[in-house]
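Please work through the following exercises with the sequence and the structure at hand, and try each task before you read its solution.

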Amino acid sequence: MKFFLSILLLTLLTSCYSIERDCSDFKTGTFEFTYIIDGTEQTSRFRRTEDFNIDYHEEKADSSSIRWINDCEFILKKLHPISNSEKEAIHMKILSTTEDSYTFEYKLAVKRPNKPSRVEKGTAIKIK
């Protein structure tokens, strides 16, 4: 009986917890994202409008179109891809939000046959 009550109590307590996701605040604006490439931490800045995402890295701009699936998910597709891998669309999903940042995950929008789907996570900070 104690075991049953413990499970019931645990279920009730965990069901009350919900992650905040107010994605509409992050549909547009200027953001920063820090990531690591070859052991070196780098910061990228990007500006997002309803239809476009413009990445600024090392004084170069790279533009992508945005197609919103819902308030928290969208597809990015580079406007001027240089390689075949850049031609592939990226599925972005906002997982949680705070007042000035959001945690997201991203992966290829179309799964490659016979290859595992690779999902990456990050946090973007809204600066404007």
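The exercises below concern a predicted model, and they go from the whole chain to single residues.

**Exercise 1. The overall architecture**

Determine how many helices and strands the protein has, and in what pattern they follow along the sequence.

Solution. Begin by counting the elements, which gives one helix and eight strands. Next, read along the sequence, where the pattern is α-β-β-β-β-β-β-β-β.

**Exercise 2. Burial, contacts and surface**

Describe what share of the protein is buried, what share of its contacts joins residues 24 or more positions apart, and how much accessible surface the protein has.

Solution. Start with burial: of the 128 residues in the protein, 26% are buried. Then turn to the contacts with a separation of 6 or more, of which 28% are between residues 24 or more positions apart. Finally, consider the accessible surface, which comes to about 9400 Å², with 55% of it belonging to carbon and sulfur atoms.

**Exercise 3. The largest pocket**

Describe the largest pocket by its space, its lining residues, the elements that supply them and their chemical classes.

Solution. First, take the space in the largest pocket, which is about 1500 Å³. Second, look at the lining, which is made of 40 residues, with Phe33, Asp55, Lys78, Ile90 and Tyr106 lying nearest the centre of the pocket. Third, ask which elements give two or more residues to this lining: they are strands E1 (29-37), E2 (40-48), E3 (52-57), E4 (60-70), E5 (73-78), E6, E7 (101-108) and E8 (120-126). The largest share, five residues, is supplied by E7. Fourth, sort the lining residues by class, which yields 18 nonpolar, seven polar and 15 charged residues.

**Exercise 4. His91 and its surroundings**

Decide whether His91 is buried or exposed, and find which side chain it joins in a polar contact.

Solution. Locate His91 first: this residue lies in strand E6, which covers residues 90-97. Its relative accessible area is 15%, and because buried means under 20%, His91 counts as buried. Now examine the side chains, where His91 and Glu73 are joined by a polar contact of 2.8 Å. Leaving out residues up to four places away in sequence, His91 touches a list of residues that includes Ile69, Phe74, Glu105 and Tyr106.

**Exercise 5. From Glu105 to Leu95**

Find the strand that holds Glu105, and then compare positions along the chain with separations in space for Glu105 and Glu73 and for Leu95 and Glu105.

Solution. Glu105 has its place in strand E7, while Leu95 is found in strand E6. Glu105 and Glu73 are 32 residues apart along the chain, and their C-alpha atoms are separated by 9.8 Å. For Leu95 and Glu105, which are ten residues apart, the C-alpha separation is 7.1 Å. Among the residues that Glu105 touches, not counting those up to four places away in sequence, are His91, Leu95 and Val119. As for burial, Leu95 has a relative accessibility of 23%, so this residue counts as partly exposed.

**Exercise 6. Two loop residues**

Work out which loops hold Asn114 and Lys87, and what is notable about the phi angle of Asn114.

Solution. Asn114 is found in the loop between E7 and E8, and with a relative accessible area of 81% this residue is exposed, because the cut-off for exposed is over 50%. Most residues other than glycine have a negative phi. Asn114, however, has a positive phi of about 60° although it is not a glycine. Lys87 is found in the loop between E5 and E6, and at 47% relative accessibility Lys87 counts as partly exposed. Setting aside neighbours within four places in sequence, Lys87 is in contact with Lys77 and Pro81. The C-alpha atoms of Lys87 and Lys77 are separated by 7.1 Å, and these two residues are ten apart along the chain.

**Exercise 7. Thr30 and the other end of the numbering**

Establish where Thr30 lies, and how many residues along the chain and how many Å in space separate it from Ile127.

Solution. Thr30 lies in strand E1, and its relative accessibility of 12% makes it buried. Thr30 and Ile127 are 97 residues apart along the chain, and yet their C-alpha atoms are separated by 5.7 Å. Not counting residues up to four places away in sequence, Thr30 touches Arg45, Phe46, Arg47, Ile125, Lys126, Ile127 and Lys128.

Notes
Residues are numbered from 1 along each chain as its sequence is written. This is a predicted model: local features need pLDDT of at least 70, side-chain atom pairs count only at pLDDT 80 or more; totals for chains, interfaces and linings use all residues. Side-chain values use heavy atoms; hydrogens and water are left out. Helices (H or I, at least four residues) and strands (E, at least two) are DSSP runs, numbered from the N terminus. Buried means under 20% relative accessible area, exposed over 50%, partly exposed in between (1.4 Å probe, protein chains only). Contact means heavy atoms within 4.5 Å. Accessible areas come from the Shrake-Rupley method with a 1.4 Å probe; for residues, only the protein chains shown count as cover. A polar contact is a pair of N or O atoms within 3.5 Å; within protein, one must be able to donate a hydrogen and the other to accept it, and residues adjacent in sequence count only if both atoms are side-chain atoms. On a 1 Å grid over the protein atoms alone, a cavity is a set of points where a 1.4 Å probe fits but cannot get out, and a pocket is an open set with protein on both sides within 12 Å along at least five of seven lines; lining residues have an atom within 4 Å of a point. Grid points are joined across faces, edges and corners, and a volume is the space filled by probe spheres set on the points. Ala, Val, Leu, Ile, Met, Phe, Trp, Tyr, Cys and Pro count as nonpolar, Asp, Glu, Lys and Arg as charged, and the others, Gly among them, as polar.
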